[in-house]
Amino acid sequence: LNSARVRTDGDVRVQPADAEAMRRLEGTKVGRYQPTPWKTGRAAKRGPGAATGAAPAPKRTRKEDTGDGGTSAGQSQTLVPETAQQSETERALQVLRQEFRRGTAVTGTHDGFLCSVVLPSQIYSLVLDRTQVDRDVQQLLWAGKLKMIQTDAGERLLLLLEDYVRAVQAMRKKLVLEEQQSPASHVRRLRKQQHALDWFVANALPLFREPCLPLEQLDNLAGCRRADVSLAEAVPMHHSGKELLADLELCGVIVRRIEDSTLLWLAIPHVGKLLTSIARGRHEVLQLIARRKFKDVKLDDLNKRKLRSSILSAQFHVRDLAGRGE
């Protein structure tokens with residue numbers, strides 16, 4: 001053939017010289033699939049249908065037109081479960097909450113005062129990206145799903161909102177039982193504290209997106225310095241905002257610190273025994289490992305061990321030490 005071959009982007013294009021060569025080329029069959037001279041490259045690989053200008057066959061999707069549970073091409077597939085929409089930090093909180101439900105019992109002056117507390121170091125033991133954990137915790141705090149309690153010793157305690165509310169309700173039940181067993185002279189004081197806890201959960205708790213709040217902000221809210229709401233309607237049995245805040249401090253849900261008296265810090269009632277157990281439990285687990293000959297112990301045996309100096313489970317402290325790198 002009197003033709004020229006021109007290479008363009010890896011494709012070979014045949015350019016016939018005249019009409020006679022074109023007619024002879026159309027009637028020639030060289031191989032299994034012979035493209036027409038005006039089709040190039042990829043069109044030549046599609047077979048005879050592409051040479052005659054026929055529409056290409058539609059692509060078949062996997063499991064299409066099958067009866068084994070496959071979906072058609074027009075149906076949308078949701079392969080990710082709903083729980084996967086949560087962040088890794090939220091899933092880690094749920095896992096730790098279930099593991100330590102019995103171990104994180106804050107045994108105050110009454111039974112049943114449960115508070116599911118999670119330490120940031122325990123989340124680090126499950127999620128490797130610590131920066132992402134800190135970001136997720138901050139987002140959960142501002143979304144109101146999580147509460148953080150920062151103690152004087154530098155410990156940071158994380159609680160889901162429903163767990164903190166459950167702790168406050170347990171404190172209120174304690175006041176109700178104490179009211180039934182107290183003389184008439186103490187009944188009014190106990191009822192005032194019960195009303196203060198109810199007001200705190202409904203009004204003040206949503207404002208604690210950080211571990212602390214300015215005293216002025218909470219004092220203005222407690223004093224109801226608004227024209228449309230009176231103090232008697234918002235907080236019955238209290239005559240001033242300072243009196244209300246004083247009852248909340250007695251209940252242990254807020255505390256003041258000496259280093260900065262202009263801030264009020266979120267707290268848990270009867271948290272002292274919990275903090276003592278965290279510190280002593282860490283020391284006991286480390287001493288238990290150090291007394292071994294080869295400085296190691298089976299993890300299953302360690303998790304099942306009952307600690308003497310802590311009301312928390314050994315698994316609680318193992319998670320904590322693993323996240324702290326000790």
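**Exercise 1. Classify Arg291 by its accessibility, then place Arg291 in the chain and in its surroundings.**

Start with the accessibility: Arg291 has 59% relative accessibility, so this residue counts as exposed, the cut-off being over 50%. Bear in mind as you go that you're working with a predicted model.

Next, find its spot in the chain. Arg291 sits in the loop that runs between α12 (272-290) and α13 (299-304).

Finally, check the company it keeps. Arg291 gathers with Arg292, Arg305 and Arg308 in a patch of positive charge on the surface.

**Exercise 2. Work out how β3 and β4 are joined, and say whether β4 is enclosed or not.**

Begin with the pairing. Strand β3 covers residues 146-150, and five bridges join it to β4, with the two strands running antiparallel.

Pick one pair to look at in your viewer: Gln150 stands opposite Arg156 in β4.

Now follow the turn. The hairpin of β3 and β4 has five residues between the strands. Gly154 in this hairpin takes a positive phi, near 95 degrees.

Last step, the burial of β4. This strand spans residues 156-160, and four of its five residues are buried, so β4 is largely enclosed by the rest of the structure.

**Exercise 3. Take the salt bridge between Asp152 and Arg257 and compare how its two partners are covered.**

First, the contact itself: the closest N and O atoms of Asp152 and Arg257 are 2.8 Å apart. That fits the salt-bridge limit of within 4 Å.

Second, locate both ends. Asp152 is in the loop between β3 and β4, while Arg257 is in the loop between β6 (254-255) and β7 (263-266). The pair links distant parts of the chain, 105 residues apart.

Third, look at the cover. Asp152 comes out at 65% relative accessibility and counts as exposed. Arg257 comes out at 11% and counts as buried.

**Exercise 4. Which helices does the salt bridge of Asp320 and Arg282 tie together, and are its partners buried or exposed?**

Check the distance: the two side chains meet at 2.4 Å, N to O.

Then assign the helices. Asp320 lies in α14 and Arg282 in α12, so the bridge ties together parts that are 38 residues apart in sequence.

Now the cover, using the under 20% cut-off for buried. Asp320 is at 0% relative accessibility and is buried. Arg282, at 11%, also counts as buried.

**Exercise 5. Find what joins Glu99 to Arg319, then set this contact among the other salt bridges.**

The side chains of Glu99 and Arg319 meet in a salt bridge, with 3.2 Å from N to O. Glu99 belongs to helix α4 (residues 88-99) and Arg319 to helix α14 (residues 314-324), 220 residues apart. Glu99 has a relative accessible area of 27%, so it's partly exposed.

Zooming out, the structure holds 10 salt bridges. There's also a network of them, which links Arg97, Asp163 and Arg166.

**Exercise 6. In what order do the strands of the three-stranded sheet lie, and which ones are at the edges?**

Write down the order: β5-β7-β6, an open sheet with antiparallel pairing. The edge strands are β5 (212-214) and β6, each of which pairs on one side only.

Then zoom in on one pairing. Two bridges hold β6 and β7 in the antiparallel sense, and Ile254 has Leu266 in β7 as its bridge partner.

Notes:
Residues are numbered from 1 along each chain as its sequence is written. This is a predicted model: local features need pLDDT of at least 70, side-chain atom pairs count only at pLDDT 80 or more; totals for chains, interfaces and linings use all residues. Side-chain values use heavy atoms; hydrogens and water are left out. Patches are made of residues with over 30% relative accessible area and no salt bridge: like charges are joined within 9 Å, nonpolar side chains (Val, Leu, Ile, Met, Phe, Trp, Tyr) within 5 Å. Accessible areas come from the Shrake-Rupley method with a 1.4 Å probe; for residues, only the protein chains shown count as cover. Lys and Arg count as positive and Asp and Glu as negative; His and the chain ends are not counted. The place of a charge is taken as NZ of Lys, CZ of Arg, CG of Asp or CD of Glu. Buried means under 20% relative accessible area, exposed over 50%, partly exposed in between (1.4 Å probe, protein chains only). Two strands pair if DSSP finds at least two bridges between them.
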